[in-house]
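Colleague: Could you pick out one part of this model and take me through it slowly, along with whatever sits around it? I'd like to know what the annotation says and what the coordinates say, kept apart.

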Amino acid sequence: MKMQVYTVENIPLIKEGDDIASIICENITIEDNDIVVIASTIVAKAEGRMFRLEDIIPGEKALAIASKHDLDARFIQAVLDRSKEVLVDHPIFLVETHNGHVCIKAGIDESNVDIGYLADLPSSPDESTSKIGSAIEHITGKKISVILTDTNGRAFKIGQTGIAIGVYKIHPVKNWKGQKDLFGNTLEITEEAIADEIAGAANLLMGEGDGGYPVVIIRGLELRAEEASIQEMYRSDREDIIKKGLRSLSKV
Ligand code: GDP
Ligand code: MN
Ligand code: MN
Ligand code: MN
């Protein structure tokens, strides 16, 4: 088996209004079944989702959380504005965004953004991903998938990794239930988070710094599907025992 992973060269610094699909297609030849992996930072920039702390007035809750941290209360307010729930407010600031993604500080990011600005995650990552994916298909006539990524930490382990926050035409989870192992045993619980695995592979080439590689093409996997959503990855509140445990911690 073989899978190839390519960076897309010559992507410029992305500005508000830039057409990411066209920029990708101008810089690489797309083939059927390619998985185009895109760092959320450039989508946020193209969508104009940058903001400045100067424009934010912190409320009471933000001030209370800020007093526990070495963080600007205006930044805390920005995170609260983008969150449907605070799961842990200190010593880490872990929230669930309105879209259902659980992450530190709502994914607000200062890295690789103009000095003085912060970048949000795209507010509807599946929608942003689908827009870019269908535009690439329209331009190239090829059938592709897209995964939108961000860099996230994980519980229990040191180190961040690329993870998926939006998908277009690829199911984020592969279900192995009912399949056999090498000894003929039927797999009963295994579900593979393929969108995160692909995001992790792509992130190896993107890096986190000044590499300038926000787009990576994965070639050689046959995973294209119709009607996929990142929501397929999110556990329902009822099933999520980790969230239940976190809710029992004291908070502001
Ligand atoms: P995030 O994981 O979505 O927060 O993105 P990162 O800040 O980690 O950046 C991922 C990759 O994209 C790195 O190689 C950055 O250098 C690159 N990158 C970020 N923004 C831009 C941009 O506007 N243009 C180019 N060419 N590369 C960028
Ligand atoms: Mn970044
Ligand atoms: Mn980020
Ligand atoms: Mn990153």
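Modeller: First, some vocabulary: helices (H or I, at least four residues) and strands (E, at least two) are DSSP runs, numbered from the N terminus. With that in hand, Glu208 lies in the loop that connects helix H6 (194-206) to strand E12 (215-219). Keep in mind that this is a predicted model.

I'd start at Glu208 because the unreviewed UniProt entry puts the feature "binding site" there and at Thr151. The two are spread over 58 residues of sequence, yet they cluster in space, with a largest C-alpha distance of 8.1 Å. That same unreviewed UniProt entry also has a feature "domain: Coenzyme F420:L-glutamate ligase-like" at residues 11-220. Over residues 11-220 the chain is 29% helix and 23% strand, and the end C-alpha atoms are 23 Å apart.

Now the two annotated residues themselves. Thr151 belongs to strand E8. Are these residues buried or exposed? Thr151 counts as buried because it has 20 C-beta neighbours inside 10 Å, and 20 is where the cut-off for buried begins. Glu208 has 12 C-beta neighbours inside 10 Å, so it counts as exposed; the exposed class takes in 12 or fewer. Both counts sit right on a cut-off, so I'd read the labels with that in mind.

As for contacts, leaving out residues up to four places away in sequence, Thr151 touches Gln160, Gly162, Asn203 and Glu208. Glu208, with its neighbours within four places set aside, is in contact with Ser111 and Thr151. The annotated pair therefore turns up in both contact lists.

Gly162 is worth following, as it takes us into the sheet. Thr151 stands opposite Gly162 in E9. E8 (residues 145-153) and E9 pair in the antiparallel sense over eight bridges. Helix H5 (residues 125-140) packs on this sheet, where it touches strand E2 (35-39), E8 and E9, and its direction makes about 70° with that of E9.

Stepping back, E8 and E9 are part of an open sheet of five strands in the order E1-E12-E2-E8-E9, with mixed pairing. E1 (4-7) and E9 (160-168) are the edge strands; each has a single partner strand, so one side of each is left without a neighbour in the sheet. The twist averages 30° from one strand to the next.

E12, the strand that follows the loop of Glu208, sits between E1 and E2 in that order. E12 pairs with E1 in the antiparallel sense over four bridges, and another four bridges join it to E2, again antiparallel. Ile217 in E12 shows both sides at once: it is the bridge partner of Tyr6 and it stands opposite Val36. Four of the five residues of E12 are buried, so this strand is largely enclosed by the rest of the structure.

Next comes the ligand. What surrounds ligand 1? It has 22 residues around it, the closest being Ala39, Thr41, Asn112, Gly211 and Pro214. Gly211 and Pro214 are among the closest, and by number they fall in the loop between H6 and E12, where Glu208 lies. Helix H2 (40-46) and E8, the strand of Thr151, each supply at least two residues of the shell. H2 gives the most, with four residues. Sorted by class, the shell has eight nonpolar, nine polar and five charged residues.

One more piece, for context away from the five-stranded sheet. A second open sheet has three strands in the order E4-E5-E6, with antiparallel pairing. E4 and strand E6 (102-104) are at its edges with a single partner strand each, so one side of each is left without a neighbour in the sheet. On average, neighbouring strands here are turned by 35° against each other, direction ignored. E5 and E6 are joined over three bridges, and the bridge partner of Val95 in E6 is Cys103. Strands E4 (83-88) and E5 (94-97) also help to cover the buried residues of helix H4. In H4 (residues 73-81), the buried residues are Ala73, Phe75, Ile76, Gln77, Ala78 and Val79.

Terms used
Residues are numbered from 1 along each chain as its sequence is written. Chains are lettered from A and ligands numbered from 1 in the order in which they are written. This is a predicted model: local features need pLDDT of at least 70, side-chain atom pairs count only at pLDDT 80 or more; totals for chains, interfaces and linings use all residues. Two strands pair if DSSP finds at least two bridges between them. Axes are lines fitted to C-alpha atoms, for helices over the stretch in contact, and angles run from 0 to 180 degrees between N-to-C directions. Two residues are in contact if their C-beta atoms, placed from the backbone, lie within 7 Å. A residue is near a molecule or strand if its C-beta atom, placed from the backbone, lies within 6 Å of it. Ala, Val, Leu, Ile, Met, Phe, Trp, Tyr, Cys and Pro count as nonpolar, Asp, Glu, Lys and Arg as charged, and the others, Gly among them, as polar.
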